[in-house]
Amino acid sequence: MLDQPIALDTRSRVLDAAERIVQARGVPALTLEAAAREAGVSKGGLLYHFASKEALLAALMQRLAEFIQFSFDATRNAVPPGPGRTARACLAWQFDSPVPHDEHTDRASAVFLAAHHHDTALLAPVREVFARIRLAAESEDLPPGRGLAVMAACDGLFMAHMFRMWQPDAAQAAQLRAVLAALLEGAA
């Protein structure tokens with residue numbers, strides 16, 4: 001990281017600090033002063049990167065969108081080519097990847113919910129990522145609705161985890177995956 005400018009390191013530290021604040025105490029606790037203090041930077045240093053709370057939230061959402069896109073692309077690239085590749089990647093992303101259940105994703109989920117509560121327009125970058133994934137799932141060589149059904153089921157499982165509504169045990173997860181995978185078998 002020594003070859004990176006210090007400004008990028010400061011920006012990342014501020015974004016990480018803002019995520020921690022939102023996860024622990026919610027958007028009302030996220031102030032520029034609190035983010036600067038949590039990141040260990042001066043308020044002037046923070047203002048160099050983020051002129052307002054809205055700019056800070058927008059940057060958090062943009063970073064979240066980039067993380068989602070990178071994570072999904074990496075999963076999709078590991079899935080063999082063929083019919084329903086995007087839908088099969090959704091299954092792999094949900095059931096095989098640690099991403100939906102790791103600490104970073106839990107923090108990002110808190111930011112997502114906080115941004116939604118603060119101003120739904122802030123969700124635009126994340127909506128765009130999921131729109132691209134959905135379009136790919138719908139346009140692949142599958143009967144209509146199958147790729148979309150798999151994506152919707154995986155999204156629902158993720159939301160159940162995010163809202164702490166339900167987490168399938170290993171047997172339930174295996175059953176769910178098998179049923180969803182059956183929608184994609186021989187569907188070309």
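This is a short talk about a pocket, a surface patch and a loop residue in one protein model.

Okay, hi everyone. Before anything else, keep in mind that this is a predicted model.

Let's start with the pocket. How much space lies in the largest pocket? About 450 Å³. Its lining is made up of 21 residues, and if you want to find the centre on screen, look for Ile-68, Trp-93, Phe-130, Phe-158 and Met-159, which lie nearest to it.

So who builds that lining? Helices H4, H5, H6, H7 and H8 each put in at least two residues. H8, which runs over 146–162, gives the most, with five residues. As for chemistry, the lining has 15 nonpolar residues, four polar ones and two charged ones.

Now over to the surface. Leu-113, Met-159, Phe-163, Met-165 and Trp-166 make a nonpolar patch of about 500 Å². You've heard one of those names already: Met-159 is also among the residues nearest the pocket centre. Leu-113, for its part, sits in helix H6. Is Leu-113 buried or exposed? Well, in between: its relative accessible area is 31%, so we call it partly exposed. A patch residue needs over 30%, and Leu-113 has 31%.

Last stop, Asp-169. You'll find it in the loop between H8 and helix H9, and H9 covers 170–184. Asp-169 has 43% relative accessibility, so it counts as partly exposed too. Now pick out Gly-45 as well: the two are 124 residues apart in sequence, and from C-alpha to C-alpha they are 46 Å apart in space.

That's my tour, thanks!

How values were computed
Residues numbered from 1 in each chain as written. Predicted model: local features only at pLDDT ≥ 70, side-chain atom pairs only at ≥ 80, totals over all residues. Heavy atoms only, no water. 1 Å grid on protein atoms, 1.4 Å probe; cavity = no way out; pocket = protein on both sides within 12 Å on 5 of 7 lines; lining within 4 Å. Points joined across faces, edges and corners; volume = space filled by probe spheres on them. Helix = DSSP H or I, 4+ residues; strand = E, 2+ residues; numbered from the N terminus. Nonpolar A, V, L, I, M, F, W, Y, C, P; charged D, E, K, R; others polar. Patch = residues over 30% accessible without salt bridge, like charges linked within 9 Å, V, L, I, M, F, W, Y side chains within 5 Å. Areas by Shrake-Rupley, 256 points an atom, 1.4 Å probe, with all protein chains shown as cover. Salt bridge = Lys/Arg side-chain N within 4 Å of Asp/Glu carboxyl O. Buried < 20%, exposed > 50% of the residue type's maximum accessible area, 1.4 Å probe, protein only.
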